Amino acid sequence: MRVWTGLTVVQMRRVGVNSLPIALFIAAFTGVVLALQASYTFTGAVPLYFVGTLVGKTMMLELGPVLTGLALAGRVGANIAAEIGTMRVTEQVDALETLAYDPHSYLVVPRVLASAMMFPIVVALSVALGVVTGWLTSINLLDLSTFEFFKGLKLFYQFKDIWYGLVKSVSFGAVIALIGCRQGLSVRGGAEGVGRATTQAVVYSAAMILVLDAVWAVLLL
């Protein structure tokens, strides 16, 4: 249990903390684009304060979790597949089995737990930053006051908006880690096999994120 805890903490730092820069970078510019596109769409037809509604709802329900998941599929999924794949071709996985360690318990479980726990935190920070950049864009470029932006933000807000995105992100994190581990453990053929497994991990993870997104939409919305 102590080994699991130590390995999980290490993976939480690598999966979560080290992924924050790319996740926040994407979220920041997503908020800017959402605010600008919303104002263009609403011109002359819908009150401008609905920009806050669109930015908040879209970031919390859809773009925050999905864009962050897709970005981390490339970073986390590829890293896991490459790392475990290299261990497989250099016979480190075989050495674990020789020493009576279960490779799944030692390599897979800490990564899956870390991803499932850290993805909601990364997504929550991304959503918050996306809303903030949408607000800053609105008050500086769209002549929208802070009061009007937050009026729109609160207009159709429901508590489900928050936990829906976080629940999705837990499943995204677990699936990305599982696919990365599966591809890594199945590597054959040296460096070429590692490269192929890394590419497949990213592609399969991205596809599964979109599938899970649709499933959650059917089940919860």
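Helices in this description are DSSP runs of at least four residues, numbered from the N terminus. With that in hand, Arg-196 and Glu-192 can be placed together in helix H8 (residues 190-220), four residues apart, about one turn of the helix. The two side chains form a salt bridge, with the closest N and O atoms 3.7 Å apart. Glu-192 is exposed, with a relative accessible area of 61%, while Arg-196 is partly exposed at 41%. The model that shows this pair is a predicted one.

A wider view of the chain helps to place such details. The chain has eight helices and zero strands, and reading along the sequence gives the pattern α-α-α-α-α-α-α-α. Its C-alpha trace spans about 70 × 35 × 30 Å along the principal axes. Of the 221 residues, 44% count as buried. The accessible surface comes to about 10,900 Å², and 70% of that surface belongs to carbon and sulfur atoms. Contacts reach far along the sequence: among those between residues at least 6 apart, 84% join residues at least 24 apart.

Two of the helices are worth following from end to end. Helix H2 covers residues 20-42, which makes 23 residues, and its first and last C-alpha atoms are 32 Å apart, close to the 33 Å expected at 1.5 Å a residue. The buried residues of H2 include several alanines, among them Ala-23, Ala-27, Ala-28, Ala-35 and Ala-38. Thr-30, Gly-31, Leu-34, Ser-39 and Phe-42 are also on the list of buried residues in this helix. These buried residues of H2 pack against H3 and H5.

Helix H5 has 39 residues and reaches 54 Å from its first C-alpha to its last, close to the 57 Å expected at 1.5 Å a residue. Along the way there is a kink of about 30 degrees at Val-109, shortly before the proline Pro-110. Just after H5 comes Asp-143, with a positive phi of about 55 degrees.

That backbone angle leads to a pair of loop residues. Most residues other than glycine have a negative phi. Asp-143, which is not a glycine, has a positive value and sits in the loop between helix H5 (103-141) and helix H6 (146-155). Asp-143 is exposed, with a relative accessible area of 72%. Glu-91 also has a positive phi, of about 65 degrees, although it is not a glycine. Its place is in the loop between H3 and helix H4 (92-98), and Glu-91 counts as exposed at 53% relative accessibility.

The charged side chains offer another way through the fold. Side chains of opposite charge can pair when their charged atoms come close. The structure holds six salt bridges, including the pair in H8 described at the start. Another joins Glu-83 and Arg-14, at 3.1 Å from N to O. Glu-83 lies in helix H3 (residues 50-89) and Arg-14 in helix H1 (residues 2-15), so this salt bridge ties together parts that are 69 residues apart in sequence. Both partners are partly exposed: Glu-83 has a relative accessibility of 24%, and Arg-14 has 23%. The pairing also extends to a third residue, as Arg-14, Glu-83 and Arg-111 are linked in a network of salt bridges.

Helix H3 takes part in a further salt bridge through Glu-62, which pairs with Lys-168, the closest N and O atoms being 3.5 Å apart. Glu-62 lies in H3 and Lys-168 in helix H7 (residues 160-185), so the pair ties together parts that are 106 residues apart in sequence. The two partners differ in their surroundings. Glu-62 is partly exposed, with a relative accessible area of 30%, whereas Lys-168 counts as buried at 0%.

Helix H8, where this account began, also holds Ser-205. At 0% relative accessibility, Ser-205 counts as buried, because buried means under 20% relative accessible area. Leaving aside residues up to four places away in sequence, Ser-205 touches Ala-73, Ile-176 and Ile-179.

Terms used:
Residues numbered from 1 in each chain as written. Predicted model: local features only at pLDDT ≥ 70, side-chain atom pairs only at ≥ 80, totals over all residues. Heavy atoms only, no water. Salt bridge = Lys/Arg side-chain N within 4 Å of Asp/Glu carboxyl O. Helix = DSSP H or I, 4+ residues; strand = E, 2+ residues; numbered from the N terminus. Buried < 20%, exposed > 50% of the residue type's maximum accessible area, 1.4 Å probe, protein only. Contact = heavy atoms within 4.5 Å. Expected span 1.5 Å × (residues − 1). Bend = angle between axes of the 7 residues up to and from the residue. Areas by Shrake-Rupley, 256 points an atom, 1.4 Å probe, with all protein chains shown as cover.
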